[in-house]
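Biologist: Before we look at anything in detail, I would like to learn how one reads such a model step by step. Could you take me through the features in turn?

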Amino acid sequence: MNLTLKVWRQSGPSDAGRMVTYRVEDVSPDMSFLEMLDVLNERLILEGDDPVAFDHDCREGICGMCGMVINGVAHGEQRATTTCQLHMRHFENGATITIEPWRAAPFPVVKDLVVDRSAFDRVIQAGGFVSVPAGSAPDAHSIPVRKEDADDAFDAATCIGCGACVAACPNGSASLFTAAKITHLSLLPQGQPERLSRAKAMVDQMDAEGFGGCTNTGECTAVCPKGIPLDTIAQMNSDYLKANAK
Amino acid sequence: MNYVEGEPIRDTKAPAGPIEERWEKRKFGAKLVNPANKRKLNVIVVGTGLAGGSAAATLGELGYNVKSFCYQDTPRRAHSIAAQGGINAAKNYRGDGDSIHRLFYDTVKGGDFRARESNVYRLAQVSVNIIDQAVAQGVPFAREYGGLLDTRSFGGAQVSRTFYARGQTGQQLLLGAYQALERQIAAGTVEMFTRHEMLDLIIADGRARGVIVRDMVTGEIERHVADAVVLATGGYGNVFFLSTNAKGCNTTAIWRAHERGAYFANPCYTQIHPTCIPVSGEYQSKLTLMSESLRNDGRVWVPLRKGDDRAPGAIPEDERDYYLERIYPAFGNLVPRDIASRAAKNVCDEGRGVGPGGLGVYLDFRDAIGRLGRDAVEKKYGNLFEMYERITGENPYDVPMRIYPAVHYTMGGLWVDYDLQSTIPGLFVIGEANFSDHGANRLGASALMQGLADGYFVLPTTIGDYLAAGPYGEVDEEAVAAAEIAVRSKIDRLLAVNGTRTPDSFHRELGKLMWEYCGMERTEESLRKALERIPELREEFWRDVKVSGTAEELNQVLEKAGRVADFFDLAELMCLDALVRTESCGGHFRAESQDADGEALRDDETFAHVSAWEYSPKGEPVLHKEALEYEYVKMTQRSYK
């Protein structure tokens, strides 16, 4: 396959940035999207150019480090996929592909396709945990958990923190990310003591970071690599309202 | 490469007495630090995987002043997150005959009698606390309808002791540790440095006193000093270029510590995981593992006849060779990883491999789907099947998976004593970065167990004993400056070469060489070839590598070049270690040492020891042997038949 790439290049936070066009040839359909970029970068290095900076690590769809907006869609058009798991067999020979970083005010660009997602860590710091120091736990079987609750908690807990939800949302909202953690912990007995204070603190922190509000467009769940359900946001709002009514 | 033999290691600091009582004894004997003094003691933890994340969080909870470092953009991304199958614990919730002693026994045997008994026993003891801790944190383990935890079987065990969270156990456990860590960051006990890479260890007055790190965004070189340093920087499987490790995993932190005096133990013990997706082309950047749990229900086979290129569905039952079930009737598809990997290599060497290049075997779910129904199989393995389809474009519900062994884990690592302290006082090493618990082969679902045992329960106790004698005072300025200069000059050297080959091209070449000469099967001849070729390639690297950009910016090429440079040195030591150990054991298979059936043949007379290598700037490493004594498990030739 031969492709034309239009890639966002930005040398640093103070650079205005621009799209730059590259040709890549002899792309195998079995390559992953990132392997295709590796090929481009190997060439750029030898030509004395700056290779395209992008975040990636596990390359098996679980660490959440990679993420690009491909042809206008976070992680590309294939559903429930991270960028690293997207393969070139989903593109046509001769296609032009645009590649941009996540765009949201709370995710400033560091360089090219690399953005700063530390706002997510601060949302977790606000309360995304159960306060249980090591060594203080009772026997794991002392509190049975309904299988359905454990399964639903798991579904919410699979969030990989990639930030695609924010990039896809017209409001730049982090509601799906925040709601996933709140829902995971509110469905389990272990999460009950801090349930309302957690919801309040995390939502307040999310707002303080400058993420937008949720208007139920559902773009977030559509691009989410783990398919975090939209109803987690209802769960979050319910806990948040209860916390504020107290 | 020559070496010299040094003094043996006689004391591992494990308490004497009955093995069941040793950890209790050590805990009681370890000095305590009073809460007011803990605030005055600084600890650096490098790496935020299961071991590092849990250690930093727990040390913070205890009241120490902690600085935590990771190269990713957030601590939640460390590669522990990719562990799929599960975590072992001797809970015996099934009543199927499990016990601490049985987990201990299975681990020592699975490690082919090359692990230290005291450490392994402690690991089995602590395993039960890990499950309690994780559940209390809200880790959503799989449960049964009665609300209790579900378990499954894993390779190398005949009991069901593996706890799991669908195919994402590592992710859920890591997020538990990450959340505990973020809680401490909010509480101010832990200061977090993301996108920071450790490039050197500061040693002053013979003690580890800090690290030199590079801020990967600005390129700034920073100094951080402390009373103790903990390395939790993972394994070195990426020396093979293609492995199941994350792209960023590297050996730089432990290699630098090794150069500064920490012994490196058993570097040749590499685990080749039997169930990975085969290589599809030259551009391949990494390999993806398919969880070992799949072997619970999937059946491994190849065509009986050499060169049979019919579609798998067209091959009738009596023309298939379910070779693991045939050779190992007792364990069948659940034999330990080293055995399953080598068996796959053997059938492929016979010309019976499947898929492009003949480097693959089938992992077939037809019978499981027939027995349990598609829905049940989907519930258990759905995400793994999806991942397979995404990568290969084939649907494993209809066509059997194709799998092949790939480098997955390194049992070797920095030598540590019972307290997890290296040969440098004040330098502790935990998780995959140390060598301690898995001998020559790690059992499935035991990496998560060890990482969390070290981080939540062992290190926080043992490091207290060292810190109780602190604080260790001001750090000698000259020592700090020396480490910083070493880091800067190495970066300058890399940038100055301005050659014609990329760091990745060297890494690929080194990886291929290691896979061919020091991979699943090693011979004296192959290892000597590698030892000849590695220095040549390294010389070429330093003469011809091209690193674009500058040191004062985010520069992924520079990061990569530094890591590749260290892989060369490590690769050499691995090959030397493999050459010296002329026996076969666990993941280290020397073709010269096998029994009549082609199984690994140990030589306990000569090699029942840990090989701990001391770095020598003159290029002649010094071998220190730690004798392994088995008081509780009788050394036998492993048999899974």
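Biologist: To start with burial, what percentage of the 246 residues of chain A count as buried?

Modeller: Please keep in mind throughout that this is a predicted model. Burial is judged by counting neighbours, a residue being buried if 20 or more other C-beta atoms lie within 10 Å of its own, and in chain A 53% of the 246 residues meet that count. The C-alpha trace of chain A spans about 60 × 35 × 35 Å along its principal axes, and its secondary structure comes to eight helices and seven strands.

Biologist: And among contacts in chain A between residues at least 6 apart in sequence, what share joins residues at least 24 apart?

Modeller: For chain A, 71% of the contacts between residues at least 6 apart in sequence join residues at least 24 apart.

Biologist: Turning to chain B, in what order do the five strands of the open sheet lie?

Modeller: One reads a sheet from strand to neighbouring strand, and in this open sheet of chain B the order is β1-β21-β20-β12-β18, with mixed pairing. The strands β1 (4–5) and β18 (413–414) of chain B stand at the edges with a single partner strand each, so one side of each is left without a neighbour in the sheet. Within the sheet, β20 (residues 609–614) and β21 (residues 622–627) of chain B pair in the antiparallel sense over six bridges, and B:W613 has B:L623 in β21(B) as its bridge partner.

Biologist: Which helix lies across β12, β20 and β21 of chain B?

Modeller: That is helix α16 (residues 556–580) of chain B, which runs at about 145° to β20(B).

Biologist: How is the pairing described in the sheet with the order β4-β6-β5?

Modeller: Those three strands of chain B form an open sheet whose pairing is antiparallel. Here β4 (87–88) and β5 (151–152) of chain B are the edge strands, and because each has a single partner strand, one side of each lacks a neighbour in the sheet. Two bridges join β5(B) to β6 (residues 162–163) of chain B, and B:R152 is paired with B:T162 in β6(B).

Biologist: Finally, how many residues of chain B are in contact with chain A?

Modeller: On the side of chain B there are 63, in contact with 66 residues of chain A. Several elements of chain B give two or more residues to that side, including α3 (50–62), α11 (374–392) and α16, while α6(B) gives the most, with nine residues. By class, the side of chain B that touches chain A has 24 nonpolar, 24 polar and 15 charged residues.

How values were computed. Residues numbered from 1 in each chain as written. Chains lettered and ligands numbered in written order. Predicted model: local features only at pLDDT ≥ 70, side-chain atom pairs only at ≥ 80, totals over all residues. Pairing = 2+ DSSP bridges. Helix = DSSP H or I, 4+ residues; strand = E, 2+ residues; numbered from the N terminus. Contact = placed C-beta atoms within 7 Å. Axes fitted to C-alpha atoms, helices over the stretch in contact; angles between N-to-C directions. Buried ≥ 20, exposed ≤ 12 C-beta atoms within 10 Å, placed from the backbone. Nonpolar A, V, L, I, M, F, W, Y, C, P; charged D, E, K, R; others polar.
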